Amino acid sequence: MPTKIGKYTTRLDTSPSLVSFASVVSKKEGEGPLAPYFDMICDDTSFGEQTWEKAESRMQKDAVSKALQKANLSSSNIDYIFAGDLLNQCISSSYGLRDLGVPFFGLYGACSTMAESLSLASLFVEASLCNTAVAVTSSHFCSAERQFRFPLEYGGSRAPTSQWTVTGSGAAVVGKQVSPPYVKHVCVGTIEDMGIKDINNMGAAMAPAAAATLSRFFEDTVTGPDNYDLVLTGDLGQVGSQLLDELLEREGYTLGKKHNDCGLMIYDRETQDVAAGGSGCGCSASVLCSYICQAIQAGRLRDVLFVATGALMSTTSVQQGESIPGIAHLIHLSSTPHKGGK
């Protein structure tokens with residue numbers, strides 16, 4: 001059974017496994033530095049579908065199918081699926097996964113959804129509420145732009161602090177302890193709001209939530225950045241990453257070279273026009289379910305803190321002048337499980 005540590009953190013004593021994982025991206029992501037690690041790269045951003053929204057649903061379906069295939073499982077072997085996306089009513093998830101016939105939890109944590117879904121899937125397995133669960137999310141540049149900003153045909157300029165929504169999806173199958181990556185801890189974040197109202201500066205809006213979650217996890221577990229090979233945020237971009245470092249230094253923690261960000265890893269900012277970096281649910285999901293999990297599986301990374309961040313705003317709240325609340329959930333992934341239930 002899971003064990004509560006402190007106020008915010010839960011230790012998963014049986015260390016559930018990410019039995020398999022898969023990533024699906026499009027052309028722009030396939031031109032970035034992580035291209036060799038993705039399972040599927042589609043040069044057609046419509047993925048053969050008639051709308052951007054249907055394309056995003058297709059990505060989720062393909063990511064789940066690939067993850068199941070790699071684990072030699074079918075949808076009948078899955079007890080629950082935890083999924084979400086950025087679109088209204090999470091239509092990418094519900095339409096993309098409706099044919100699987102698997103009990104479904106629709107989630108919304110904005111760009112933190114991969115950590116949210118993976119946390120819940122892992123807790124369900126740890127508590128013996130199921131044997132196998134799937135966590136999946138996605139984003140699509142064109143569907144996100146249509147919903148949150150303006151039609152692509154408008155051709156509006158982008159601010160230097162803005163981020164490029166990743167067209168991608170990541171899926172992970174979570175099961176009993178069999179092989180790395182293992183889930184050792186989960187730290188659920190709280191809503192943090194520093195009054196940021198600039199929709200083109202998501203990094204600044206989300207950084208305080210990442211700082212709060214990390215500092216609370218370090219306090220609960222009596223650890224610090226030096227205990228981990230990598231502290232991976234997603235997706236603060238360049239602006240938010242710098243702000244996170246500053247906020248944590250005030251709390252007495254120095255990340256230094258231990259920190260990287262999914263929004264900075266997925267694109268080459270010098271050659272690809274992405275302003276402050278990548279963003280979107282599919283950003284951290286596709287980076288985690290490719291390069292990161294492969295590195296843990298191979299032993300190149302031993303202990304990773306995956307801290308996915310989300311901006312909990314909508315077009316309505318922004319138009320009404322509301323500030324942008326942030327959220328960040330943390331998962332401790334490791335190449336080794338807990339020993340002796342501790």
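A pocket is an open set of grid points with protein on both sides within 12 Å along at least five of seven lines, and its lining residues have an atom within 4 Å of a point. The legends below refer to a predicted model.

**Figure 1. Largest pocket of the predicted model, with helix 2 as the main contributor to its lining.** The pocket encloses about 260 Å³ of space. Helix 2 and helix 3 (91-97) are the elements that give two or more residues to the lining. Helix 2 gives the most, with 5 residues. The full lining consists of Glu49, Glu53, Lys54, Ser57, Arg58, Lys61, Ile91, Ser92, Tyr95, Gly96, Arg98 and Asp99. Sorted by class, these are 7 charged, 3 polar and 2 nonpolar residues.

**Figure 2. Packing of helix 2 (residues 52-70) against helix 5 (residues 141-148).** The two axes lie 8 Å apart, at an angle of about 130°. Helix 2 is therefore oblique to helix 5, since the oblique class takes in angles that are neither over 145 degrees nor within 65 to 115 nor under 35. The crossing is left-handed. On the helix 2 side the contact is made by Trp52, Glu53 and Glu56, and on the helix 5 side by Cys142, Ser143 and Arg146. The contact residues comprise 3 charged, 2 nonpolar and 1 polar. Glu53 of helix 2 belongs to this contact and is also listed in the lining of the largest pocket.

**Figure 3. Second largest pocket, with helix 6 giving the largest share of the lining.** Its volume is about 200 Å³. The lining is formed by Glu192, Met194, Pro208, Ala211, Ala212, Ser215, Arg216, Glu219, Leu247, Arg250 and Glu251. Two or more of the lining residues come from each of helix 6 (202-221) and helix 7 (237-250). The share of helix 6 is 6 residues. By class, the lining holds 5 nonpolar, 5 charged and 1 polar residues.

**Figure 4. Packing of helix 6 against helix 7.** The axes come within 8 Å and cross at roughly 40°. This angle makes helix 6 oblique to helix 7, because only angles under 35 degrees count as roughly parallel. The crossing is right-handed. Helix 6 contributes Gly203, Ala204, Ala207, Pro208, Ala210, Ala211, Leu214 and Ser215, which meet Gly240, Leu243, Leu244, Leu247 and Leu248 of helix 7. The contact has 10 nonpolar and 3 polar residues, with no charged residues. Pro208, Ala211, Ser215 and Leu247 take part in this contact and also line the second largest pocket.

**Figure 5. Packing of helix 4 (residues 113-126) against helix 9 (residues 281-298).** The axes cross at roughly 55° and come within 8 Å. Helix 4 is thus oblique to helix 9. In helix 4 the contact residues are Thr113, Met114 and Leu118. They meet Cys281, Ser284, Ala285, Leu288 and Cys289 in helix 9. By class, the contact has 6 nonpolar and 2 polar residues, and no charged residues.

Terms used. Residues are numbered from 1 along each chain as its sequence is written. This is a predicted model: local features need pLDDT of at least 70, side-chain atom pairs count only at pLDDT 80 or more; totals for chains, interfaces and linings use all residues. Side-chain values use heavy atoms; hydrogens and water are left out. Axes are lines fitted to C-alpha atoms, for helices over the stretch in contact, and angles run from 0 to 180 degrees between N-to-C directions. Helices (H or I, at least four residues) and strands (E, at least two) are DSSP runs, numbered from the N terminus. A crossing is left-handed if the near helix is turned anticlockwise from the far one by less than a right angle, and right-handed if clockwise. Contact means heavy atoms within 4.5 Å. Ala, Val, Leu, Ile, Met, Phe, Trp, Tyr, Cys and Pro count as nonpolar, Asp, Glu, Lys and Arg as charged, and the others, Gly among them, as polar. On a 1 Å grid over the protein atoms alone, a cavity is a set of points where a 1.4 Å probe fits but cannot get out, and a pocket is an open set with protein on both sides within 12 Å along at least five of seven lines; lining residues have an atom within 4 Å of a point. Grid points are joined across faces, edges and corners, and a volume is the space filled by probe spheres set on the points.
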